[in-house]
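Colleague: I am new to this structure and would like to see how its labels are justified. Please show it, and then we can go through them.

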Amino acid sequence: MKYVVANWKMHAPALGEWVKTLTAQPIDDAVELVLCPPFTTLGAAQVMLASTAIGLGAQDCHAQLSGAHTGDISAEMLKKAGCHYVIIGHSERREQHGETNAQVRAKAQAAQAQGLIPIICVGESLEEREMNAQEEIVSRQLTESLPVTGDMIVAYEPVWAIGTGRCASHEEIAAMHRFIKKKLDDSHPVLYGGSVKAGNAADILALEGVDGVLVGSASLNADELTQIVRAAH
Ligand code: PGA
């Protein structure tokens, strides 16, 4: 099974057109395509994806079930909105919202408690890579931000490769996926994310230890994402 997870971030391309393009050809059973749009699009996406093979996910959730948390969304709400997945601890949340490993773990546990599969992001910064500290950083993120048990997906996203057009090399991806798989006893799917495009997806998806891709900017373009899904077949 290969995962293709579309992370729309804070973008909202025309949903109907996007779904129409992605469903124009049957999606192979061996591919799990998941759309993670902004919260305000989840309702419409739930309706539109119901009769398709495309799964639905969100981009974040709160660690608490409910309460005085203005602007936040609980995992239970996401479940009710038709989500099966939720991205947790994306580097943009870690950086821009100061999310710690402990908070990421609490959110991932909250997601699991509702039957959602958390897609937990890890990855080193450019500075850390230049110091050759990537394994140490990712190791700590795995130890401190993953729930101890339960279903989950890990996404390796080197921060320097996100939205920069500078994809990690095949060697860098393969080495880190090997490292993560070993650390987790090969118990969870591990995705790669960071400047995945139609042009490089097939080669990345063919690497040993790569169970799928987390796609940001290229997922906004339905034609390009269709090519990535095809590459995953
Ligand atoms: P990108 O983003 O594909 O635009 O690099 C990936 C991500 O942040 O998940």
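Modeller: Start with a definition: buried means under 20% relative accessible area, exposed over 50%, and partly exposed in between. Keep in mind that the model is predicted.

Colleague: Why is Arg129 called buried?

Modeller: Its relative accessible area is 16%, and the label applies under 20%, so Arg129 counts as buried.

Colleague: What makes Glu172 partly exposed?

Modeller: Glu172 has a relative accessible area of 25%. Partly exposed covers values between the 20% and 50% limits, so the label fits Glu172.

Colleague: How do you know that Glu172 and Arg129 form a salt bridge?

Modeller: Their closest N and O atoms are 3.9 Å apart, and a salt bridge needs a side-chain nitrogen of Lys or Arg within 4 Å of a carboxyl oxygen of Asp or Glu. Glu172 lies in helix H8 and Arg129 in helix H6, so the pair ties together parts that are 43 residues apart in sequence. Salt bridges that share partners also join Asp60, Arg93, Glu99 and Lys107 into one network.

Colleague: What makes Asp60 and Arg93 a salt bridge?

Modeller: The closest N and O atoms of Asp60 and Arg93 are 3.3 Å apart, and the limit is 4 Å. Arg93 also meets Glu99 in a salt bridge, at 3.0 Å from N to O. Asp60 is buried at 6% and Glu99 is buried at 8%, while Arg93 counts as partly exposed at 21%. In total, the structure holds ten salt bridges.

Colleague: Why is the aromatic pair of Trp8 and Trp18 called edge-to-face?

Modeller: The planes of Trp8 and Trp18 stand at 90°, and planes over 60 degrees apart count as edge-to-face. Their centres are 5.4 Å apart, where rings pair within 6.5 Å. Trp8 lies in the loop between strand E1 and helix H1, and Trp18 in helix H1, so the pair ties together parts that are ten residues apart in sequence. Trp8 is buried at 0%, and Trp18 is buried at 2%.

Colleague: How do you know that His90 makes a polar contact with the ligand?

Modeller: An N or O atom in the side chain of His90 is 2.6 Å from an oxygen atom of the ligand, and a polar contact is a pair of N or O atoms within 3.5 Å. A polar side-chain atom of Glu157 lies 2.7 Å from a ligand oxygen, and a polar backbone atom of Gly163 is also 2.7 Å from one. The protein covers 99% of the 280 Å² of accessible area that the ligand has on its own.

Methods:
Residues are numbered from 1 along each chain as its sequence is written. This is a predicted model: local features need pLDDT of at least 70, side-chain atom pairs count only at pLDDT 80 or more; totals for chains, interfaces and linings use all residues. Side-chain values use heavy atoms; hydrogens and water are left out. A polar contact is a pair of N or O atoms within 3.5 Å; within protein, one must be able to donate a hydrogen and the other to accept it, and residues adjacent in sequence count only if both atoms are side-chain atoms. Accessible areas come from the Shrake-Rupley method with a 1.4 Å probe; for residues, only the protein chains shown count as cover. Rings of Phe, Tyr and Trp (its six-membered ring) pair if their centres lie within 6.5 Å; planes under 30 degrees apart count as stacked, over 60 as edge-to-face and the rest as tilted. Helices (H or I, at least four residues) and strands (E, at least two) are DSSP runs, numbered from the N terminus. Buried means under 20% relative accessible area, exposed over 50%, partly exposed in between (1.4 Å probe, protein chains only).
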